[in-house]
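This briefing is meant to be read alongside the sequence and the coordinates. Please keep both in view while working through the points.

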Amino acid sequence: MSVFRAPELIESNELLLRPPEPRDAQALYDEMFSDPDTVRHLTYLRHTSLDDTLAFIDIAQKDWESGALPRWVLEDKASGRLVGLIELQPWPPRAEFCFVISRRGGARRRRASLDALRKFLRWLIAQPQIYRVFACCAVDGNAHSVMERLGFTLEAKLTNYEARPNLGLAAGDSYLYAMTRPLKPPHVADTLDWMDRHFSVEPDESRT
């Protein structure tokens, strides 16, 4: 089996996806990790100091080196503002996909984030060794509509699946979402045709 390798840089029309760096600590802290609304349903505690975020970035850089858990920040190319974070755990033939979108970003940045997530997923599901991408989100969270708009299918409800430390819960229920591409025939043309149909952009989000 070929080694799974993630690209460091991925670009959409408005956003640049790149590995987090120490210079991102203040922005990640301000925009996401210190915000109670953004981290409400995450599986790790809200950051209460910049040192927490610096420690997170240090772990993220080590995970990039090992390839165990690549992470990308979503940077607005026009302003340099960070609007989100992607985490990926590749376990071919499957991969787990997680994302955090800043709730302070405004509607335009959320639309841009959706476009970037679609491009990321289009790249991911096209990798020869990846046939299934899945994600879990809290049943009482607000990610469900996003998952459906990204093309995921709800497969199951998982009882007591993940900790919710920011809610004081040792375990909470999650929905399991997944997308899978055809296994046979494994021809490039078939995969590209499937992706064109699967990742069609919604009319209200198209650009001229």
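What follows describes a predicted model, taking the sheet and its helices before the pocket.

**Sheet architecture**
- The sheet is open and is formed by 8 strands in the order 1-2-3-4-5-6-8-7, with mixed pairing.
- Its edge strands are strand 1 (10–11) and strand 7, each of which pairs on one side only.
- Helix 1 (residues 25–33) packs on this sheet, where it touches strand 3 (71–76), strand 4 and strand 5, and its direction makes about 90° with that of strand 4.
- Helix 3 (residues 50–66) also packs on the sheet, touching strand 3 and strand 4, and its direction makes about 115° with that of strand 3.

**Strand 6 and its neighbours**
- Strand 6 is largely enclosed by the rest of the structure, because 6 of its 7 residues are buried.
- Strand 5 and strand 6 run parallel and are joined by 3 bridges, and A95 has V133 in strand 6 as its bridge partner.
- With strand 8 (residues 169–180), strand 6 pairs in the antiparallel sense over 7 bridges; A135 stands opposite Y177 of strand 8, and C136 stands opposite L176 of that strand.

**The largest pocket**
- The largest pocket has a volume of about 1,000 Å³ and is lined by 41 residues, of which L42, F99, V100, I101 and A143 lie nearest its centre.
- Its lining divides into 20 nonpolar, 9 polar and 12 charged residues.
- Elements that each supply at least two lining residues include strand 5 (94–101), helix 4 (106–125), strand 6 (132–138) and strand 7 (153–164).

Definitions and conventions. Residues are numbered from 1 along each chain as its sequence is written. This is a predicted model: local features need pLDDT of at least 70, side-chain atom pairs count only at pLDDT 80 or more; totals for chains, interfaces and linings use all residues. Side-chain values use heavy atoms; hydrogens and water are left out. On a 1 Å grid over the protein atoms alone, a cavity is a set of points where a 1.4 Å probe fits but cannot get out, and a pocket is an open set with protein on both sides within 12 Å along at least five of seven lines; lining residues have an atom within 4 Å of a point. Grid points are joined across faces, edges and corners, and a volume is the space filled by probe spheres set on the points. Helices (H or I, at least four residues) and strands (E, at least two) are DSSP runs, numbered from the N terminus. Ala, Val, Leu, Ile, Met, Phe, Trp, Tyr, Cys and Pro count as nonpolar, Asp, Glu, Lys and Arg as charged, and the others, Gly among them, as polar. Buried means under 20% relative accessible area, exposed over 50%, partly exposed in between (1.4 Å probe, protein chains only). Two strands pair if DSSP finds at least two bridges between them. Contact means heavy atoms within 4.5 Å. Axes are lines fitted to C-alpha atoms, for helices over the stretch in contact, and angles run from 0 to 180 degrees between N-to-C directions.
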